[in-house]
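Colleague: I'm new to reading protein models. Could you walk me through a few features, one at a time?

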Amino acid sequence: MVNVVKNVRFDGQLWNLSIKDGVIEKIEHANSDYSTTSTDFDAKGFLYVPALADMHVHLDKHFLGEPWRPLQPFTTLPKQLKFEKEMLASMQSSLEERVSLMTELMVKQGTTKIRTHVDVDPVIGLMHLEAVVQLREQLRGIMDIEIVAFPQQGLLKSNSLGVMKDALRNGADLVGGVDPAGLDRKVEASLEAMFELSAEFDAGVDLHLHDPGHLGLYTIDLFADYTMQAKKQGRTAVSHAYCLGMLADDEINQTLSALSEADVAIISSVPIDRPAPRAQSLLNAGVKFLIGNDNVRDAWSPFGNGDLLQRGSRLAEKSGWITDEQLLTAYSFITNRSLTPQLGEKADFMLVNAENLQHAIAAHPKREAVFSNGQLLTNIENEKILDGTIS
Ligand SMILES: [Zn+2]
């Protein structure tokens with residue numbers, strides 16, 4: 001266990017961070033006296049960067065570690081769901097191996113919190129959930145994992161209410177759902193079923209919403225209403241919400257106010273191949289905005305490497321954000337930590353070769369070291385920048 005991480009850079013200076021029980025206990029200038037012990041860690045002047053929180057992943061559905069699988073063009077959702085099912089059934093490695101591989105990749109890149117959606121339906125039952133719940137136990141103290149029970153085949157369409165209840169009894173923290181109109185074909189009934197589950201199990205709600213334009217907007221309006229009625233403010237989210245990127249601000253402003261009032265978060269994977277919510281519009285309306293990688297080499301996309309810092313960089317670039325203030329705002333969407341070390345805060349951070357946080361999100365450099373709960377998870381290989389010169 002590390003006691004002091006010395007020579008950490010932030011605010012343009014070098015500091016020593018004392019860590020006790022996984023928490024930052026003392027922050028001192030690096031030139032001040034402190035009692036050296038063999039467990040000290042020398043950060044060698046690398047920059048302190050807060051650890052990442054990836055709020056939308058699918059640990060159970062990627063193809064990492066598998067032979068390359070050619071994808072087919074996306075046509076309709078039902079066809080795509082069938083294709084994905086076939087692909088997942090043909091994996092050579094076990095679910096346990098695959099969920100573990102993905103978290104390892106993410107931890108190495110500085111992600112210490114994730115929200116993963118996990119497929120449940122009457123055919124696969126809790127098979128995927130069990131693998132992820134087991135992994136969550138193994139990673140306790142290293143990675144904080146929230147689990148959404150996700151009826152990918154449609155909550156009502158695939159008769160998944162029963163298996164959703166089983167999932168919520170067996171480790172899932174949130175109720176998932178997908179396209180109440182496009183897939184379930186019953187907007188109100190689908191949302192009502194989600195919120196009934198959330199009431200019965202005192203769970204949060206996170207809806208996958210691809211439904212476009214005014215259909216999507218109508219669904220979000222209802223979602224915000226249900227959140228208020230259920231008194232679930234701060235515990236619900238709409239993922240993707242493409243519709244918010246398809247309509248002009250004038251058309252969505254009322255909906256954004258409702259989201260802000262109901263404290264519903266919008267979670268985006270920052271797609272570049274389809275419309276996505278505009279960060280600036282959400283920010284102006286006071287809507288909570290979070291980011292996740294979503295697809296990392298799976299049946300939906302061959303792209304992605306699990307690096308949320310890179311995804312945050314994409315958000316800034318896509319939004320046309322280039323000022324320091326904007327870059328720091330983008331960083332706040334990818335972390336659940338303060339942007340500089342704070343006394344009493346959990347010691348979850350990374351060390352990178354960058355001048356400041358703005359530089360780090362713009363350049364997304366390699367992670368030299370990652371700490372979670374004050375534990376060193378990956379080590380510095382590169383020894384150079386103590387004098388402050390960035391090569
Ligand atoms: Zn998803």
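Modeller: Sure, we'll go through a helix, a metal site, some salt bridges and one residue. Keep in mind that this is a predicted model.

Colleague: Let's start with the helix. How many residues does α5 have, and how far does α5 reach?

Modeller: Helix α5 covers residues 187–200, so to speak 14 residues. From its first C-alpha to its last it reaches 20 Å, close to the 20 Å expected at 1.5 Å a residue. Right after the helix comes D202, which has a positive phi, near 50°.

Colleague: Which residues of α5 are buried?

Modeller: Here's the general idea first: an α-helix has 3.6 residues a turn, so residues three or four places apart point the same way. In α5, the buried residues are V187, S190, L191, A193, M194, F195, L197 and S198.

Colleague: And what do the buried residues of α5 pack against?

Modeller: Quite a list! There are two helices, α4 (161–169) and α6 (213–229), plus the strands β9 (174–178), β10 (204–209) and β11 (236–240).

Colleague: On to the metal. Which protein atoms are the donors of the zinc ion?

Modeller: Three histidines give their NE2 atoms, namely H56, H58 and H208, and D294 gives an OD atom. These donors lie 2.1 to 2.8 Å from the zinc ion. Along the chain, their spacing reads H-x1-H-x149-H-x85-D. H56 in strand β6 (residues 52–57) and H208 in strand β10 are 152 residues apart, so to speak a link between distant parts of the chain. Both H56 and H208 are buried.

Colleague: How do I read the angles at the zinc ion?

Modeller: Start from the ideal: four tetrahedral donors would give angles of 109.5 degrees. At this zinc ion, the angles among the four donor atoms run from 84 to 171°. The site therefore counts as irregular, as tetrahedral would need all angles between 85 and 135 degrees.

Colleague: What about salt bridges: how many does the structure hold?

Modeller: The general idea is that side chains of opposite charge can pair when their charged atoms come close. This structure holds 23 salt bridges. In one of them, K61 pairs with E84, with the closest N and O atoms 3.1 Å apart. That pair links distant parts of the chain: K61 sits in the loop between β6 and α1 (77–89), E84 in helix α1, and they are 23 residues apart.

Colleague: Are K61 and E84 buried or exposed?

Modeller: K61 counts as buried because its relative accessibility is 2%, under the 20% cut-off. E84 is buried too, at 2%.

Colleague: Can you show me another pair?

Modeller: Try K113 and D144, whose closest N and O atoms are 3.6 Å apart. K113 lies in strand β7 (residues 111–119) and D144 in strand β8 (residues 144–150), so this pair ties together parts 31 residues apart in sequence. K113 is buried at 12% relative accessibility, while D144, at 39%, is partly exposed.

Colleague: Last one: where is T227, and what does T227 touch?

Modeller: T227 is found in helix α6 and is buried, with a relative accessible area of 0%. Leaving out residues up to four places away in sequence, T227 touches F195, K232, Q233, T236, A262 and V264. With T236 there is also a polar contact, side chain to side chain, at 3.2 Å. You've met F195 already, as one of the buried residues of α5.

Definitions and conventions: Residues are numbered from 1 along each chain as its sequence is written. This is a predicted model: local features need pLDDT of at least 70, side-chain atom pairs count only at pLDDT 80 or more; totals for chains, interfaces and linings use all residues. Side-chain values use heavy atoms; hydrogens and water are left out. Helices (H or I, at least four residues) and strands (E, at least two) are DSSP runs, numbered from the N terminus. The expected span of a helix is 1.5 Å times one less than its number of residues. Buried means under 20% relative accessible area, exposed over 50%, partly exposed in between (1.4 Å probe, protein chains only). Contact means heavy atoms within 4.5 Å. Donors are N, O and S atoms within 2.8 Å of the metal (3.2 Å for Na, K and Ca); water is not among the atoms, so sites may look incomplete. Four donors count as tetrahedral if all angles lie between 85 and 135 degrees; four count as square planar and six as octahedral if opposite donors are over 155 degrees apart and all others between 65 and 115; anything else is irregular. A salt bridge is a side-chain nitrogen of Lys or Arg within 4 Å of a carboxyl oxygen of Asp or Glu. A polar contact is a pair of N or O atoms within 3.5 Å; within protein, one must be able to donate a hydrogen and the other to accept it, and residues adjacent in sequence count only if both atoms are side-chain atoms.
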